[in-house]
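Trainee: Got a minute to go through this model with me? I'd like to start with helix packing, then move to a sheet.

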Amino acid sequence: MSSSLSSSSSSEDANGNSGRRGVGDFGAPSLTRRRANNEIWPGPFVEDLVVQVAIDASRSFGRLAVAAALANVFQVCSTWQAVSRSDPLWHRLTTVIWGRTHRMHASWREEYVYRHQTAQNFRAGRSFYHTLHFDPASVDNPDGLTCRCLTLSDTHLACGFADGTVRLFDLSTRQLVGTFHPHHRDRFGRFSRAVSGIVITDPRIIFATLDGDIHVAIIDGEPLARTAHLGNVVNDGALVDFTGCGRWWVGLYAGVPGRALHVWDGNTEELAFVNTNLTDPEAVMGWHTLTELTETIGRVRVTGQESAVACTSLRYMVVDLRNPEFPLHDREWRRRLTVASLDTNGEAFIMVDSRGLAIVRRVDTLEEVCRFNTRNVNVMGCMNLGYALMCAAGVVRVWEIEHGQHLYSLNQNVEEVNAMVADDRHVAAAGSDTGIHLWDFGAQ
């Protein structure tokens, strides 16, 4: 990386005598000279270079290739090796490569290594399988046995049921640690109290029901949740999907024209935006969701870029949650979309069309990342930073999303899957039985 002078370069000493410098000093590049020059590079410059090498390796060869690229850089000289012990550097690397802004381990280097090893487990299919249980005797209504949605955080799995109950499991012990209920009020139909989506922002758990109510509970608090927003089915329709992050809550409605997308400020709990006609063609079906089991008519997911992707079977759109009035992208699809296949990670989203073709696109540009054939039309999907999972006919198949290569199928079947979710460590699915399926790919 350093330059050297030609062996014919000359210099003049203090007495005016000129002489040629030897090849050993400034001659052809040598390992000794390169190391000497590299050792005087300032630490911040080297750290910037290391981060850029990591980004280039990730874009060219995938996230798992970054470790080898970093090892080569750190071997250049003792100064560069010393940089490898900088925890702020590992903080930057963990953020740009694995999307992590807070750590679960003692140092950021340990966090990076853990994320790398977990991603390796995901690629190789190494996981521990568990079934999470709750007491069916505690359920008064048979609908309370039907899980409709799942949400993962670093420490918990939240499960929303058709009777309005949310059950919270601790991922480390796999035990039920909390059960939350909404305030009861007049129903607009059998499923008007069904949970349509859950957001976990520790210590809060926020969940919404089909009638439009949004409830907030404290993870270690009382089982009766506080109502943060009182829904109005007549004016808005049914709240068919609900998601969010620390800053925003997003609801997708169907039933009333021009009121498909609602955005709330998660800090103030105030409604910030209502608009779009995304679900207008599904208005009648939206009303049916309150009284009967229907196919998924709309789905919305947030990304790590303060944006959201929403879709129906005919159309999808990407909106900036800071300025949702003007969609970033709004596309009609040539073939019908399988709504239950939509999911996002921090930077991309996936959808499957009516021929079983799955396409992964970048959220900001819609650039195609990869495509693959799921071999099924009726699929339910989810994804994380590196992998997509599709469940059809009880079988969960896994693809990597850098090139669209099929990797393997999970050994356990999920009959009549109702809900599915994944992050970079866990995969969870709920089917027709009362247990919740959980796969843990975490490095042990």
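Mentor: Sure. Keep in mind that this is a predicted model. Start with helix 4 (residues 66-74) and helix 6 (residues 87-98): they pack at an angle of about 150 degrees, and their axes are 13 Å apart.

Trainee: So how is helix 4 oriented to helix 6, roughly parallel or roughly antiparallel?

Mentor: Roughly antiparallel, because the angle is over 145 degrees.

Trainee: And which hand does the crossing of helix 4 and helix 6 have?

Mentor: Right-handed.

Trainee: Which residues meet there?

Mentor: Helix 4 brings Val66, Leu70 and Phe74. Helix 6 answers with Leu89, Trp90, Leu93 and Ile97.

Trainee: How do the residues of that contact divide into nonpolar, polar and charged?

Mentor: Seven are nonpolar. There are no polar and no charged residues in the contact of helix 4 with helix 6.

Trainee: OK, switching to the sheet. What's the strand order?

Mentor: The order is 20-21-22-23. The four strands form an open sheet, with antiparallel pairing.

Trainee: Which ones are the edge strands?

Mentor: Strand 20 (337-344) and strand 23 (368-373). Each of them pairs on one side only.

Trainee: By how many degrees are neighbouring strands turned against each other?

Mentor: On average 15 degrees, direction ignored.

Trainee: Back to strand 20. How many bridges join it to strand 21?

Mentor: Four, and the two strands run antiparallel. Strand 21 covers residues 348-353.

Trainee: What's the bridge partner of aspartate 343 in strand 21?

Mentor: Isoleucine 350.

Note on methods: Residues numbered from 1 in each chain as written. Predicted model: local features only at pLDDT ≥ 70, side-chain atom pairs only at ≥ 80, totals over all residues. Heavy atoms only, no water. Axes fitted to C-alpha atoms, helices over the stretch in contact; angles between N-to-C directions. Parallel < 35°, antiparallel > 145°, perpendicular 65-115°, else oblique. Left-handed = near helix turned anticlockwise from the far one by under 90°. Contact = heavy atoms within 4.5 Å. Nonpolar A, V, L, I, M, F, W, Y, C, P; charged D, E, K, R; others polar. Pairing = 2+ DSSP bridges.
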